[in-house]
Amino acid sequence: MKATYKSASELLFPLQYRGKALALLLLQPQRALHVREIARLTGTVAGTMNRELDRLQRAGLLEKRRVGNQLQFCANMQHPVFPELSALLRKTIGLADVLTLALMPAADRIVVAFVFGSIARAGETAASDVDVIIIGGVEFGEAIHLLYDAQSDLQREINPKVYSPEEWAASAVAQSPFMQDVLLKPKLFVMGAQCDLDQLAQPGQDRPA
């Protein structure tokens with residue numbers, strides 16, 4: 001069976017949190033992010049992610065700095081293996097990581113983003129498109145622009161569907177056949193997690209932090 005970026009990533013970085021942290025920070029070395037933001041963007045738990053980030057910082061791969069009351073992490077570009085490791089990550093990271101990186105410029109306006117359809121169900125073929133739902137304050141044209149380069153990286157067409165939190169909540173209540181299918185079938189989260197999606201469907205709930 002032909003190896004995929006996803007399987008190569010899992011083979012080289014078997015610890016999920018470590019691989020996700022390295023992919024997010026080493027491929028965007030100019031950005032420093034706090035622990036809760038890293039956890040939100042990677043769909044992981046902040047406490048466990050914090051411990052993994054500390055390990056990577058002690059190994060010298062990451063730098064840690066205090067900004068106000070927050071501890072932020074970023075890539076240590078001076079580490080001897082930084083060029084080789086970042087190049088390896090770029091070649092092996094999975095589909096979700098590619099999409100997370102593509103959407104990062106709008107991360108502060110995205111509540112949840114996930115892949116649905118055949119790829120999320122692991123039933124894709126070589127010709128399958130990547131169907132993505134983005135919920136937040138992003139316009140459709142901006143989503144197309146953000147995901148444009150990711151299509152080349154993944155060698156697949158990406159089809160985004162964009163909702164505001166209010167539009168998503170209304171659609172979830174209306175329960176159209178499409179919405180039922182999306183809600184009930186497997187999803188591959190790119191930003192946020194299932195709990196954030198569940199909260200959006202509850203009337204009167206605040207936007208997830």
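1. Two strands count as paired when DSSP finds at least two bridges between them, and in this predicted model strand β5 (residues 130-136) and β6 satisfy that with 6 bridges, running in the parallel sense. Within this pairing, Ile-133 stands opposite Lys-161 in β6.

2. The pair belongs to an open sheet of 4 strands, arranged in the order β6-β5-β4-β7, in which the pairing is mixed. The edge positions are taken by β6 (158-163) and β7 (188-191), each of which pairs on one side only. Direction ignored, neighbouring strands of this sheet are turned by 25° against each other on average. As general background, strands of a sheet pair through backbone hydrogen bonds, either parallel or antiparallel.

3. On confidence, the mean pLDDT of the protein is 85, and 87% of its residues reach 70 or more. Residues 1-6 should be treated apart, since over this stretch the pLDDT is below 50, although the model gives the stretch 7 contacts beyond near neighbours in sequence. Where pLDDT is low, the predicted coordinates should not be read in detail.

4. Helix α6 is linked to the four-stranded sheet, for it lies across β4 (110-116), β5, β6 and β7, and runs at about 25° to β7. Helix α6 (residues 95-103) also meets helix α7 (residues 140-154), their axes coming within 8 Å and crossing at roughly 155°. Angles over 145 degrees count as roughly antiparallel, and α6 and α7 are therefore roughly antiparallel to each other. The crossing of these two helices is right-handed.

5. Which residues make the contact between α6 and α7? From α6 come Leu-95, Val-98, Leu-99, Ala-102 and Leu-103, while α7 supplies Leu-146, Leu-147, Ala-150, Asp-153 and Leu-154. By character, the residues of this contact divide into 9 nonpolar, no polar and 1 charged.

6. A second open sheet has 3 strands in the order β1-β3-β2, with antiparallel pairing. Here β1 (33-34) and β2 (62-67) stand at the edges with a single partner strand each, so one side of each is left without a neighbour in the sheet. The pairing of β1 with strand β3 (residues 70-75) is antiparallel and extends over 2 bridges, and His-34 stands opposite Gln-72 in β3. Helix α2 (residues 16-26) packs on this sheet, where it touches β1, β2 and β3, and the direction of α2 makes about 80° with that of β3.

7. Helix α2 has a helical partner as well, namely helix α3 (residues 35-42): the two axes come within 10 Å and cross at roughly 105°. Since angles of 65 to 115 degrees count as roughly perpendicular, this crossing makes α2 roughly perpendicular to α3. The meeting residues are Lys-20, Leu-24 and Leu-25 in α2 and Ile-38, Leu-41 and Thr-42 in α3. The residues of this contact divide into 4 nonpolar, 1 polar and 1 charged.

8. How are helices α8 and α9 set against each other, roughly parallel or roughly perpendicular? The axes of helix α8 (residues 165-174) and helix α9 (residues 177-184) come within 8 Å and cross at roughly 100°, which makes α8 roughly perpendicular to α9. In this contact, Trp-168, Ser-171 and Ala-172 of α8 meet Met-179, Val-182 and Leu-183 of α9, and the residues divide into 5 nonpolar, 1 polar and no charged.

Technical notes
Residues numbered from 1 in each chain as written. Predicted model: local features only at pLDDT ≥ 70, side-chain atom pairs only at ≥ 80, totals over all residues. Heavy atoms only, no water. Axes fitted to C-alpha atoms, helices over the stretch in contact; angles between N-to-C directions. Parallel < 35°, antiparallel > 145°, perpendicular 65-115°, else oblique. Left-handed = near helix turned anticlockwise from the far one by under 90°. Contact = heavy atoms within 4.5 Å. Nonpolar A, V, L, I, M, F, W, Y, C, P; charged D, E, K, R; others polar. pLDDT = per-residue confidence, 0-100.
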